[in-house]
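Student: I am new to this structure and would like a close look at a single part of it, the sheet and the aromatic rings around it. Could you take me through that part slowly, and then place it in the rest of the chain?

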Amino acid sequence: RFWQERTRAVEDRLSDALHERLTQEFVDRPSTVIARYDPSELVTSIGLDGEVQVQGLRAGVLEGFRFRPDRGAGEGSRPLLAAANRALRELVHERVQALEEEDDGAFRLGPAAEVVWRGASVARLVTGQAALAPQVDVLPSDLVDPPLRERIRRRLADWAEAHLRQALAPLFVLRERAPAGTPRGLAFALAEGLGAVSRRAVAQQVAALTGEDRRALGRLGVTVGRFAVFLPSLLKPETMRLRARLHAVRQGLRPEPGPDGAPSVPNDLARPLAFYLACGYLPLGPRAVRLDRLEHAAARLSRLARTGPFVAPREAPAILGCPAAELP
């Protein structure tokens with residue numbers, strides 16, 4: 001019995017020792033591997049998908065300029081993560097240069113007005129001096145010092161201006177070419193309204209327009225309607241989405257989806273008039289109606305009204321995109 005107990009104790013100690021060795025080999029392997037190298041000799045690589053490896057060991061993912069360590073990294077991974085952070089602070093210079101040299105097509109604007117590069121958010125648009133001139137705010141990162149941050153901001157600011165000039169070209173042309181006087185004042189109001197303003201808000205300017213002023217604005221794509229002054233060329237779904245984001249940025253709000261090109265949508269009373277106008281719509285009773293459809297319907301009904309009371313034409317609900325019961 002004595003030797004049985006001694007044998008069992010020896011087996012227990014051997015089992016504990018084996019477990020410890022296996023733990024060091026497999027669980028603490030990152031620490032073991034990294035410890036073999038001088039920090040200056042460690043090879044860190046960044047894959048096209050942002051995967052960060054140190055000496056072939058996965059450490060995490062670089063999203064834009066922010067390093068996201070693997071969630072499963074434990075105590076044994078601390079040397080690995082420290083090595084990754086140390087190397088990334090050096091490699092980030094190359095990554096900033098790569099961003100600076102990218103073509104404009106490498107960037108896009110996300111639904112929350114964030115600037116996306118290589119599949120990751122790197123900045124966001126914030127309120128600027130004008131609706132058409134938002135500023136770029138680079139997302140914070142421990143890897144990016146102030147000089148590098150400014151280089152990123154400048155490149156993305158250049159892209160943002162070029163992107164807006166292309167996507168909202170008629171509005172920029174109007175702002176720059178509108179004749180002096182009342183037309184230029186209307187052009188400024190349209191630029192701040194991101195392509196539309198209620199006629200009531202600019203009633204005095206509209207009343208002051210001469211025939212030549214109206215023709216000049218017409219040549220620049222402006223419709224002076226019964227309910228609104230607007231640019232019909234900006235009523236495409238993708239353009240409307242952009243205008244909704246820019247309106248939110250201008251107001252310092254979080255961008256939310258707006259009307260997306262339908263002839264009309266239910267009128268959400270929690271949303272202000274400026275939001276709907278920025279999207280190219282005008283709230284009327286239970287519906288918010290797209291401006292071109294509204295003006296088309298208004299012209300039809302106005303002609304019928306010249307002879308007195310009339311019955312609304314059968315096609316009116318289809319023009320306005322509303323149920324017949326909501327037409328009155």
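**A sheet and its aromatic pairs**

Tutor: The chain holds 12 helices and 14 strands, and the model you are looking at is a predicted one. Of the 328 residues in the chain, 40% are buried, and among the contacts with a separation of 6 or more, 51% are between residues 24 or more positions apart. The chain exposes about 18,600 Å², of which carbon and sulfur atoms supply 52%.

The part to look at closely is an open sheet formed by 4 strands, which follow the order 5-6-7-8 with antiparallel pairing. Its edges are strand 5 and strand 8, the latter spanning residues 133-138, and each of these edge strands pairs on one side only. From one strand to the next, the twist averages 35°. Inside this order, strand 6 runs antiparallel to strand 7, which covers residues 120-130, and 4 bridges join the two. One residue pair to find by eye is Val116 with Ser121, where Ser121 in strand 7 is the bridge partner of Val116. A helix belongs to this picture as well, for helix 4 lies across strand 5, strand 6, strand 7 and strand 8, and runs at about 150° to strand 8.

Now turn to the aromatic rings, of which the structure has 3 pairs. One of them is formed by Phe65 and Trp117, whose rings are stacked, with 5.6 Å from centre to centre and 20° between the planes. This pair links distant parts of the chain, since Phe65 sits in the loop between strand 3 (57-63) and strand 4 (66-69), while Trp117 belongs to strand 6 (residues 114-117), and the two are 52 residues apart. Both Phe65 and Trp117 are buried.

Another pair brings helix 4 back into view. The ring centres of Phe107 and Trp159 lie 6.1 Å apart and their planes stand at 55°, an angle that is neither under 30 degrees nor over 60, so the pair of Phe107 and Trp159 counts as tilted. Here too distant parts of the chain are linked, because Phe107 is in strand 5 (residues 107-109) and Trp159 is in helix 4 (residues 146-167), 52 residues apart. Phe107 has a relative accessible area of 5%, and therefore it is buried; Trp159, at 4% relative accessibility, counts as buried as well.

With that sheet in mind, you can turn to another one elsewhere in the chain. This open sheet has 3 strands in the order 12-14-13, again with antiparallel pairing. Strand 12 (264-266) and strand 13 (281-284) stand at its edges, and each has a single partner strand, so one side of each is left without a neighbour in the sheet. The twist in this sheet averages 25° from one strand to the next. Strand 13 pairs with strand 14 (residues 287-290) in the antiparallel sense over 4 bridges, and Ala288 in strand 14 is the bridge partner of Pro283. Across strand 13 and strand 14 lies helix 11 (residues 291-305), which runs at about 90° to strand 14.

Two cysteines complete the tour. Cys279 is buried, with a relative accessible area of 0%, and Cys322 is buried at 11%. A search of the whole structure for disulfides finds 0.

Notes: Residues are numbered from 1 along each chain as its sequence is written. This is a predicted model: local features need pLDDT of at least 70, side-chain atom pairs count only at pLDDT 80 or more; totals for chains, interfaces and linings use all residues. Side-chain values use heavy atoms; hydrogens and water are left out. Rings of Phe, Tyr and Trp (its six-membered ring) pair if their centres lie within 6.5 Å; planes under 30 degrees apart count as stacked, over 60 as edge-to-face and the rest as tilted. Buried means under 20% relative accessible area, exposed over 50%, partly exposed in between (1.4 Å probe, protein chains only). A disulfide is a pair of cysteine sulfur atoms within 2.5 Å. Two strands pair if DSSP finds at least two bridges between them. Axes are lines fitted to C-alpha atoms, for helices over the stretch in contact, and angles run from 0 to 180 degrees between N-to-C directions. Contact means heavy atoms within 4.5 Å. Accessible areas come from the Shrake-Rupley method with a 1.4 Å probe; for residues, only the protein chains shown count as cover.
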